[in-house]
Amino acid sequence: MAVKILIASPLRPYTDADEVEADGATLGELLKDLDARYPGIRFRMIDEQDQVRRHMRIFINGEPVKNLAHPIGASDEVSIVQALSGG
Amino acid sequence: MAKAKARVKTKAGKTSRPRKSADKLVLVATRKGAWIYRGDKSSWRADGPHFLGHIINHMVLDPRDGKTLLAAASTGHLGPTIYRSTNLGKSWEESPRPPAFKKQEGGRTVKRTFWLTPAHANEPNVWYAGTSPQGLFRSEDGGVTWNEFSGLNDDPQYREWMGTEQDGTPSGPMLHSIIIDPRDPKHMYFGMSGGGVHETTDGGKHWKPLIEGMEVVAGFDAKTVSFHDPHCVQLCPSNPDRLYQQNHCGIYRLDRPSKVWKRVGKAMPAKVGDVGFPMVLHPRDDETAWVFPMDGQTVWPRTSIAGEPAVYGTSNGGKSWKRLDQGLPKNQAWWTVKRQAFAADRGAPVALYFGTTSGELWTSRNEGKSWACIARHLPEIFAVETAELG
């Protein structure tokens, strides 16, 4: 079940595209598959304690999600974005 | 990786030893990327930016093979990583397993890799890394993959001494100054801001604090390890029994086997004091060292003293210090030099290099007697390292 994922600009050096696909029944599985396709990308947005990094956000169908066990449906729209912070 | 190249002329004076063209490298890590300056006796060529927009805390060339270059990187949004080049930055590969704490209940998260140290000459491909918050990591494959080292990161006593993130510096608590005794790879030191200086003689199986003689902020107990804030510790290349330290509370020297630091910074002029970040040592003379004092009064401005930047040098082990400011701005220069941003090469005479919080790169080709600016308008400089090719 391939799901489309919108990729934030800081992560595009990994994907060379602003939209890619990955498989997974949960957000955690989806990100694991994404990392298999684009090695290293997961750790830049998910820390070693499996928490979404402080200045990154993941939206599923427009709703913010932090739980990696969150289920993913075939028609879900997943967006990985950077928080509105910086300097 | 997009790069811009420019030639930069210096006003540096003559050197006593002719050098080949482009035989020197100055590795500059900044808040917004990294630059490699290649120089000969009169000009410098800027190669960069590498990783534009990335926070580069440290960039180090492995002196054992002369080609492995590691850069500790993060961004404001993305997690920390390590980039590796074996062709002096023409191309980079990302570590598939950068330093990270183990996953566990209440486990910590590496915010940034702060310090990189190539290991002993007899341990090729081994590197150590210090992180923020404080963690010690080791790579045995030239910086490709990293693992926690020695059990220190989860040691209950050390976790207490490391404190919380609120106990660290404004940039976060950090483990730094990882030092390997050139006579024995199992003899190591490191510093923690905060958390003191520590030593192992058995390859990291056991660590002990090495804080006696070091002072802490007035009103606090110097016997409490976590109150100590060594900013930069260095071991003399010419005498591995001598260490110097720039601390939050003074400049110190330690002559082993003694375990008592001596505050040699008390010989600094009273109006300047002995607060600062970096500590730089002469490669062949254990009596010669350089510091960059900063303002540690009241709210800790962390600027040059009175806006008049100066390096201070000693040639007698800290018994006396001499102001070295020829060529530096005379006033209204409110920058400072961070703990990794001051370095010496191995030339004769020794050339010194420092990078400022205002993004200037300065050099002295005569051991601090006079200074010339190599580059201006860089981002805030976090680290400066030197290397020689060939």
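In this predicted model, the lining of the second largest pocket is made up of 27 nonpolar, eight polar and eight charged residues. That gives a lining of 43 residues, and those nearest the centre of the pocket are Pro63(B), Gln234(B), Pro237(B), Arg346(B) and Glu385(B). The pocket holds about 1400 Å³ of space. Which strands of chain B each supply at least two residues of this lining? They are β5 (55-61), β9 (112-118), β13 (174-181), β17 (230-236), β20 (276-281), β24 (342-344) and β28 (381-388). A reader following the chain on the structure can use these seven names as signposts around the second largest pocket: β5, β9, β13, β17, β20, β24 and β28 of chain B.

Enclosed space was examined next. Over the whole structure, the search finds one cavity of 30 Å³ or more. The largest cavity contains about 50 Å³ of space. Its lining comes from Val272(B), Phe292(B), Pro293(B), Ser304(B), Ile305(B), Glu308(B), Pro309(B), Ala310(B), Tyr312(B) and Arg323(B). Sorted by class, the residues around the largest cavity are seven nonpolar, one polar and two charged.

Attention now turns to the place where the chains meet. How many residues does each chain bring to the contact? Chain A contributes 17 residues and chain B contributes 24 residues. Arg44(A), Glu48(A) and Gln49(A) lose the most area to chain B within chain A, and together they account for 46% of what that side buries. Between the two chains, the buried area is about 1500 Å², with carbon and sulfur atoms giving 48% of that area.

Polar and charged groups also take part in this interface. Between chain A and chain B there are 12 residue pairs in polar contact, counting pairs with both residues at pLDDT 80 or more. On the side of chain A that touches chain B, the residues divide into six nonpolar, six polar and five charged. Two salt bridges are found across the interface. A salt bridge links the side chains of Asp50(A) and Lys103(B), with an N to O distance of 2.7 Å. Side chains of opposite charge can pair when their charged atoms come close.

Over all chains, the search of the whole structure finds 26 salt bridges. Within chain A, one salt bridge joins the side chains of Asp33(A) and Arg37(A), at 2.8 Å from N to O. Why are these residues separated by about one helical turn? Asp33(A) and Arg37(A) have this spacing because they are four residues apart in helix α2 (residues 27-37) of chain A.

Finally, the backbone of chain B has a few details worth finding on the structure. The peptide bond from Arg256(B) to Pro257(B) is cis, and its omega is near 15 degrees. Pro257(B) sits in the loop between β19 (250-255) and β20 of chain B. β20 is also one of the strands that supply the lining of the second largest pocket. Another cis peptide bond connects Ala348(B) with Pro349(B), with omega at about 0 degrees. Pro349(B) belongs to the loop between β24 and β25 (352-355) of chain B, and β24 likewise supplies residues to the lining of that pocket. Is the phi of Ser150(B) positive or negative? For Ser150(B), phi is positive, at about 80 degrees, although this residue is not a glycine. Ser150(B) is located in the loop between β12 (147-148) and α1 (156-162) of chain B.

How values were computed
Residues are numbered from 1 along each chain as its sequence is written. Chains are lettered from A and ligands numbered from 1 in the order in which they are written. This is a predicted model: local features need pLDDT of at least 70, side-chain atom pairs count only at pLDDT 80 or more; totals for chains, interfaces and linings use all residues. Side-chain values use heavy atoms; hydrogens and water are left out. Contact means heavy atoms within 4.5 Å. Buried area is the accessible area (1.4 Å probe) that two parts lose on being put together, summed over both. A salt bridge is a side-chain nitrogen of Lys or Arg within 4 Å of a carboxyl oxygen of Asp or Glu. A polar contact is a pair of N or O atoms within 3.5 Å; within protein, one must be able to donate a hydrogen and the other to accept it, and residues adjacent in sequence count only if both atoms are side-chain atoms. Ala, Val, Leu, Ile, Met, Phe, Trp, Tyr, Cys and Pro count as nonpolar, Asp, Glu, Lys and Arg as charged, and the others, Gly among them, as polar. On a 1 Å grid over the protein atoms alone, a cavity is a set of points where a 1.4 Å probe fits but cannot get out, and a pocket is an open set with protein on both sides within 12 Å along at least five of seven lines; lining residues have an atom within 4 Å of a point. Grid points are joined across faces, edges and corners, and a volume is the space filled by probe spheres set on the points.
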